[in-house]
Amino acid sequence: MSPTDTAVAPATSARARNGRRAPLLPVPGLTRPAKVKRITTAERVFESGLRVVFVRRPSVPMVEVRLRLPFLSAKSHHLSRSSLLSDTILTGTAQHDRNSLAIALQELGGGLSVGLDADRLLLSASALSTALPDLLGIFAEVLTSASYPKNEVAGERGRLIERITLAKSQPGVIANEALGQRMAPGHPYGTSLPPISEVEATTAAQLRSLHANLVRPDEALLVIVGDVTPARALDSAERALAGWTGAQANREVPALPGLDMGPLLIVDRPGSVQTSLRFGGHALPRSDEGYPALQLANLAFGGMFSSRWVENIREDKGYTYSPRSSLDHSTLASSFTASADVATEVTAPAVLETLYELGRISSLPITQAELDLVRQYAIGTMSLSISTQAGLASTLSGLLGAGLDLEWLTRHRDRLAAVTLEQVADVAAEFLAPRKLVAVAVGDADRISSRLSGLVDITVQGA
Amino acid sequence: MSASRGAAALRAPSFELVHHTLRNGLRVVVAPDRSAPVVGVAVLYDVGFRSEPLGRTGFAHLFEHLMFQGSANLEKLEHFRYVQASGGMFNGSTHLDYTNYFEVLPSNAFERGLFLEADRMRSPRITEENLDNQISVVKEEIRVNVLNRPYGGFPWLVLPPVLFDTFPNAHNGYGGFEDLQNATAEDASAFFDSYYAPANAVLGVAGDVDADQAIELIEQHFGGIRRRKKPPRQNFGEPMLSAERRETVTDALAPMPAVALGYRVPNPGDDLHSYLANVLLAEILSDGDASRLQRSLVQSKRLVTDISAYLGTFGDPLEERDPTRLNITAHYSDQSATEKVLSAVDAELDRLATSGTEPGELDRVRTKFAATIFRELDQVLNRSLEFAKFEMLFGRASLILGLPTLLAEITDDDIRLAAARLVPASRAVVELIPGASA
């Protein structure tokens, strides 16, 4: 820790040379907020069950496409198979090999990527807006005839194993995996890294079978945003995807276990110059009437730069660079997490300050000034998140996937505006109290255990 | 499905750009767009870590942190609070040749954003206490991004000292802990005096503003800042390499080997055409599954887990003056394969140099590149940053809108020539030896 010294240096030289202190200028107030423009969506549900939602946004001559497929499953080997599926779904179709498929996409000024989490498989694409029909044609081809060529599957299997090895060497990944095991032990939500032995045993035939079972339109959601007309977008989609049919096989959605409470888990990482701290617990879903208050409580605690935790352990103490807390929403549950990577030698004081701030916000009300700050931040950043084609497409896909819509987002301003200090205090007490949370610390156990054990119960897991 | 577009340039979205220069020398670019009620405000200063003094590595970045610690009319923490209480977001970042500070705000906070930027351009509040606090924060930033993670700083911190010889180009831009610890408030005041003059800055504004009103407000808030001398721009040029340079670094945390190749490239300021050929060449080499290195080294030979080719330090090909570089980095599982990886890269470059591109290859790569620019410009904050950056580095904010046209002028011969210059004798190679067991 660096010594601190409260001596103030001779202001800045610009002022020093002026030889006088300039009179204080007032910070300008806010002018009248612009009226919120209503976003109009066009929607169609195809015969196959595929739901398509479109928003016209002609800001740049591009178009964004998001196709979301529910993918949560309790089946054994699901994570390894779905991970490898997402790495190989674009490596060949009935008409194109991997190379010609990639060429076709580039010609459209396009990109297509595949993302996977425990809840969903997400195909995200963008292209020049004039190329939307061609882009949707590529979607249709992949969805109906991805071929999972044996040699491509073999190559990607090897790469996936190497990438898992690389990921497991990252302290942030180790910490998130350890936290996941505490928050959802044994559940798909608890991990994002498949066991290497399972990946090794995954075959092309298994991927084709998984594709046939789950890459189906009946529960799928297609979002299109960009510089095209609604009729053109919806008609193009209907024409292109007419041949994609069928229903998903039963996915046996696994029940979510409770938190694995217990002492702070130290995952030993000998020689680590920092400790990766993670705290986590349950939270309210966005549809809950208490959610807006919890959203504001999280912001006041550590969900933005001007929050108690960040101002304390970064701007006052200098223990860490990027502490942040957040609320995340999955299909089965919502969660609160707080993360900070702190210098090894200040691990115990950083935990002390964290417990202090969690304890303070869960036992004492925040101030009216804090409430005004976090409320304004929450409302303002909401419009920023939907100010681009790509941001709007992703936000809309996420909302619709959770059973919400843009109307929910519009009305959320009013819900945030109505939150009271008392409501924030109530949800903070319920969800942010230190004893409601699980905690992990990835770091050098020899150097951090003793001091930490003076503050909380600990348990140490070997490297 | 094929949609070949020929060599015609794609038309970029049109943005009205209004230019203005204040009497104190501050250059302003305003790009009004009333479609969404948000505004981006970006101030770029023409100083990056290439200009920091000997014995003060990391100082440009540390100073960037200090610019958030209060100013003439604002106490510590107030800058952040005013932005966030307006419903906005902020950040800053330090690059090789410039440092940026920015906010994206609901447009009803536009004037407030201008005030916040003007106040710290007038006089940041540099105290020993804030300095000590931010030295600690920056040390944690370096630990989390470099020292505590495998491949931290690879290759941006390990390649320059091999590829370059002079302190400005070769040194560690994050800084050594000792240099950071030795930094004083006097250093900070001197750095501010030298480099943070209004005449050494560009203000970019984009989004929901009226251009005339915006310029009036800008005059009101920035006009009173005293004119100071614009520092002369240093020439950082170094002779091209004449022989290949090799170095190894050991990464105790890494489970697998990696290699980084750095090639010297033409000066983007003098010869933008040749430089842009290198930009497209990097795309031909590694953008997407149809690119040369992906096809050869990843898919066909299965030599590497991943490989990428890009220009500049942080992946933005148009943010550095001369000298800059083309990087190729790869991770792979077998340490003894390094030479095979290098020969496979050389073989692909040689194939391009001798046979040129395939039919359609150059067109689709530039179509994709132009589309990527359009997508970036959709974000109001990016517009304020990009227009200011192009104004600062190329003297022309509108250059970014003209890139599709300039890219359309790149020929197959240009690509062949660019590839032919990427020979072993013009590169530095840094091999990363893993110290952790996989």
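Domain bounds here come from an automatic or database domain assignment. Keep in mind as you click around that this is a predicted model.

**Stop 1: the two domains of chain A.** Select residues 41-240 of chain A and colour them as domain 1, then pick 264-461 for domain 2. Put a marker at the C-alpha centre of each one, and you'll find the two centres 30 Å apart.

**Stop 2: where those domains meet.** The contact draws on 29 residues of domain 1 of chain A and 24 residues of domain 2 of chain A. Stay on the domain 1 side for now. Highlight β2 (51-56), β3 (62-70), β5 (120-128), α6 (171-183) and β6 (221-226) of chain A; each of them brings at least two residues to the side that touches domain 2. Which element gives the most to that side? Zoom in on α6(A), which puts in nine residues. Now colour this side of domain 1 by residue class: you should get 16 nonpolar, six polar and seven charged residues.

**Stop 3: over to chain B.** Show both chains and look at where they touch: 82 residues of chain B are in contact with 79 residues of chain A. On the chain B side, select α2 (78-85), β5 (99-106), α3 (110-122), α4 (128-147), α8 (185-195), α11 (292-300) and α13 (361-377), the elements that provide two or more residues each. Then isolate α4(B), since it's worth its own view: with 12 residues, α4(B) has the largest share of the side of chain B that touches chain A. Finish by colouring that side by class, which gives 38 nonpolar, 23 polar and 21 charged residues.

Technical notes:
Residues numbered from 1 in each chain as written. Chains lettered and ligands numbered in written order. Predicted model: local features only at pLDDT ≥ 70, side-chain atom pairs only at ≥ 80, totals over all residues. Contact = placed C-beta atoms within 7 Å. Helix = DSSP H or I, 4+ residues; strand = E, 2+ residues; numbered from the N terminus. Nonpolar A, V, L, I, M, F, W, Y, C, P; charged D, E, K, R; others polar.
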